[in-house]
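The questions below ask how certain labels are earned. Each answer sets a value against its definition.

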Amino acid sequence: MFKKMIKAVVLSAALVAGGVGTLAATASASGQAAAQSIELRFGNGHAPRYHHGPRHGGRHFAPNFCDPRHALGKAQSMGIRRAHVVRNAPRRVAVAGFQRGQQVRVVFANQRGCPVIGYR
């Protein structure tokens with residue numbers, strides 16, 4: 001397995017070196033500038049995934065409850081202006097604001113994803 005990988009690396013390096021030499025010769029013969037960069041890629045082409053938890057500088061919310069900030073964002077995406085949290089109880093989060101000139105109140109369940117359980 002290791003021998004196959006070494007053979008592949010040596011073969012690809014030889015092909016790249018031959019291709020760059022040929023490219024430089026043809027570009028200089030035609031009077032145009034040759035490319036000055038070489039790009040080697042290894043792997044399957046997928047970028048690595050980075051963790052964004054509290055240890056890595058990102059915010060981390062517990063996945064099993066409705067955070068009041070998440071409820072505010074969801075209410076604002078529903079079109080409620082000047083939204084603010086009215087009540088944060090163990091089972092629900094109530095958000096109030098204005099929509100089309102009228103005062104509205106949305107109640108979200110204190111579960112993952114903040115599902116709407118009341119709207120008036």
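Q: What makes Val85, Asn88 and Val93 contacts of Pro68?
A: Contact means heavy atoms within 4.5 Å. Leaving aside neighbours within four places in sequence, Pro68 meets that criterion with Val85, Asn88 and Val93. The model is predicted: local features need pLDDT of at least 70, side-chain atom pairs count only at pLDDT 80 or more, and totals for chains, interfaces and linings use all residues. Residues are numbered from 1 along each chain as its sequence is written, and side-chain values use heavy atoms, with hydrogens and water left out.

Q: Why is Pro68 called partly exposed?
A: Buried means under 20% relative accessible area, exposed over 50%, and partly exposed in between (1.4 Å probe, protein chains only). Pro68 has a relative accessible area of 24%, so it is called partly exposed.

Q: What makes strand S2 mostly covered?
A: In S2, residues 92-99, 6 of the 8 residues are buried.

Q: How do you know that S1 and S2 pair?
A: Two strands pair if DSSP finds at least two bridges between them; strands (E, at least two residues) and helices (H or I, at least four) are DSSP runs, numbered from the N terminus. Strand S1 (residues 81-88) and S2 are joined by 5 bridges and run antiparallel. Asn88 has Val93 in S2 as its bridge partner, and 3 residues lie between the two strands of this hairpin.

Q: What joins S2 to strand S3?
A: 8 bridges join S2 to S3 (residues 102-109), and the two run antiparallel. Their hairpin has 2 residues between the strands, and Arg100 in the turn has a positive phi of about 55°.
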